[in-house]
Amino acid sequence: MKAKSLVIVESPTKAKTISSILGKDFSVFPCMGHLIDLPEDRLGISIKDEFKPYYIVIPQRKDTFKNLKKEVEDKKQIYIATDPDREGEAIGWHIKSHLSSDKEYYRVTFHEITPSVIKEAFKNKGDFNLQMVEAQIARRLLDRIVGYFLSPLLWRKVARGLSAGRVQSVALRLIVERERKIQGFKPEEYWQIEVELAKREGKKEKFFALLDKIGGEKVKIKDKKQVDDLLEEIKKLEEFKVFNIEELDKDKKPPLPFTTSSLQQEAFRNLKFSVSKTMLLAQQLYEGLEIGIKGRIGLITYMRTDSTRIAEEAKKQAQDYILRYWGQRYLAKESKEDKLPKHAQAAHEAIRPTSLEMTPESIKEFLTPDQYKLYELIYKRFLASQMAPMEYRVTKVYIQADKYQFLASGINIIFDGFTCLYTPEDEEKTKKSLPHLEKEELLDLIKVIPKQYFTSPPPRFSEGSLVKALEQEGIGRPSTYAPIIQTLIGRDYVRRNKGYLYPTELGFKVCDLLVEYFPKIMDVKFTAQMEEKLDEIEEGKSTRLDVLKDFYTSFRSDFDFAQKNIKKEVIVTEQLCEKCGKPMLIKWGKKGKFLSCSGYPTCKNSKPITTGIKCPQEGCSGE
């Protein structure tokens, strides 16, 4: 018996999970993402005709589209269940617009792939959100305009095969500017003097204190000579006395449940996962896995979100779970929700497990090791977000010895709260506790420890910290962070080294050229404003045409100026071509610099620029 209705989703995994839930009345077809797009061989936008786009079936996807049309033929009802964000809305809308018009089309959205949610979503079928579609089309057209004009310009002026993008180029600028700060940084020496002290009574417990003031003035120790002089004086001190103790009770609130950005940052920090790996694993958990007798089911809610909102039903489940396993004391008195950023999708939820009964340990055998690690991180973070704060006491002990004042500080945990389950990186928790001390108590000096330090440059961006910077600056959206980083690495503008991002010489060159000739495109604030304008289209406060017109006018002016004024750099070397005797030139390619004969195209001789160091690979005699 043939299925009566067709459901269109993006991936085969998602198709399998939804098919197992809906049953034989529904046929589920995976479209594998975009089927319809602008043509690759031309701009595909009629600038003069109010930026009208020209869409085609992507040549490489023609067979998929042909199979989809066959599937549609004998179906009356077509449900388009692509992802619940702008891109998913646009993918589905484009497919509908290129299929037969005599069918009943419905838009179905959901944020988790579980039987109850899927069945409810199909009951509440609706239509496309055309404002979301308009916003995504505007983004695509803006990106096409920038890429179509700038990339060929880079080919002519720098090297073939390069590309520039509206958002990726600003991300490159952040990385390049950070690297320049690091390169230009001059470290400054400074010292600290620490003393080890011990109680005179009882167990004679030991602890450490830092030299804080001399004669009431804050200490600044800049060199070894000053340190040596102080060491001699401190060693001669005879009486160390506690003259003041300050205690302050504080609490550490639990973290919010994950958004796309915070998940990417935490997975990098805790699991050393790249942003793209995190998103691939999260997608697998969202789309569904075989979990024994439970069958195929989605384990987490939709993984592209900038919202920290939690559904009331999920909150209730978390509260019941915490009461059952930890008790009333561990339950948050009120559920914490962050203030949503302006652009956040209010209908979206944070990333959370779809069922708390599926604990990481109980389904471990069905997951790969990496899927398990990420699921455990999401599971614990969500539960922790609904738990009580950690309570702790900060103690500061001021110790006087003649004109010298020392400061010891420590943390004592009063109540562990959410940290019984989830421990984020936290400077306060790493501080040691102090022994019990009283005012006027005398202490013994055990030893004096000088410590040399140098000021540090700002750290290089990791993938996680770059995502954080992009989010803070308002650049890109949850679905774009991973592709931005992948593009920069794929173009060899940036390389990964031990988890950190280093701009290449080519990355510096491209960035500098774009900053000089396209200051608006490369301006962080301008790019953030463009994101806000796209949000305004979705909110119905602006139109696609207004945004495109406004952008194109200034962009075209910058482009025309650059085309006339950028001169291709020619570096003549002293090396002569061994084939024709003409000087060799330094040129740029996708993989960096190389030597090319100045007689090109008559003489096509070229060779790499080598270091003179022999290749370490066995059997290779190259450099």
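Hi everyone, let's start with a sheet. In this predicted model, four strands make up an open sheet, running in the order β20-β21-β22-β23 with antiparallel pairing. Who stands at the ends of that row? The edges are held by β20, residues 571-576, and β23, residues 606-608. Each of these two has a single partner strand, so one of its sides has no neighbour in the sheet. On average, and ignoring direction, neighbouring strands here are turned by 40° against each other.

As a quick reminder, strands of a sheet pair through backbone hydrogen bonds, and they can do so in a parallel or an antiparallel way. Let me zoom in on one such pairing. β20 meets β21, which covers residues 583-589, through three bridges in the antiparallel sense. If you want a spot to click on, try Leu576, which stands opposite Pro583 in β21.

Now for the aromatic rings. How many aromatic pairs does the model have? The count comes to 23. I picked one of them for you: Tyr517 with Phe561, a tilted pair with 6.2 Å from centre to centre and 40° between the planes. Tyr517 belongs to helix α15, residues 505-517, while Phe561 belongs to helix α17, residues 544-565, so this pair ties together parts that lie 44 residues apart in sequence. Are the two partners buried or exposed? Tyr517 has 13% relative accessibility and counts as buried, because the limit for that is under 20%. Phe561, at 48%, counts as partly exposed.

There is also an aromatic cluster to look for. Its members are Phe51, Tyr148, Phe149, Phe518, Phe526, Phe551, Tyr552, Phe555 and Phe559. Please keep Tyr148 in mind, as I'll come back to that residue.

Rings can have charged company too. Lys125 lies over the face of Tyr106, 5.1 Å from the ring centre. Likewise, Lys272 lies over the face of Phe268, and there the distance to the ring centre is 5.8 Å.

My last stop is Asp41. Where does this residue sit? You'll find Asp41 in the loop between β3, residues 36-37, and β4, residues 45-46. With a relative accessible area of 64%, Asp41 is exposed. The side chain of Asp41 makes a polar contact of 2.9 Å with the side chain of Arg42. And here is Tyr148 again, as promised: this member of the aromatic cluster is 107 residues away from Asp41 along the chain, yet their C-alpha atoms are separated by 9.8 Å.

That's my tour, thanks for listening!

Terms used:
Residues are numbered from 1 along each chain as its sequence is written. This is a predicted model: local features need pLDDT of at least 70, side-chain atom pairs count only at pLDDT 80 or more; totals for chains, interfaces and linings use all residues. Side-chain values use heavy atoms; hydrogens and water are left out. Two strands pair if DSSP finds at least two bridges between them. Axes are lines fitted to C-alpha atoms, for helices over the stretch in contact, and angles run from 0 to 180 degrees between N-to-C directions. Rings of Phe, Tyr and Trp (its six-membered ring) pair if their centres lie within 6.5 Å; planes under 30 degrees apart count as stacked, over 60 as edge-to-face and the rest as tilted. Buried means under 20% relative accessible area, exposed over 50%, partly exposed in between (1.4 Å probe, protein chains only). A charge sits over a ring if NZ of Lys or CZ of Arg is within 6 Å of the ring centre and within 35 degrees of the ring normal. A polar contact is a pair of N or O atoms within 3.5 Å; within protein, one must be able to donate a hydrogen and the other to accept it, and residues adjacent in sequence count only if both atoms are side-chain atoms.
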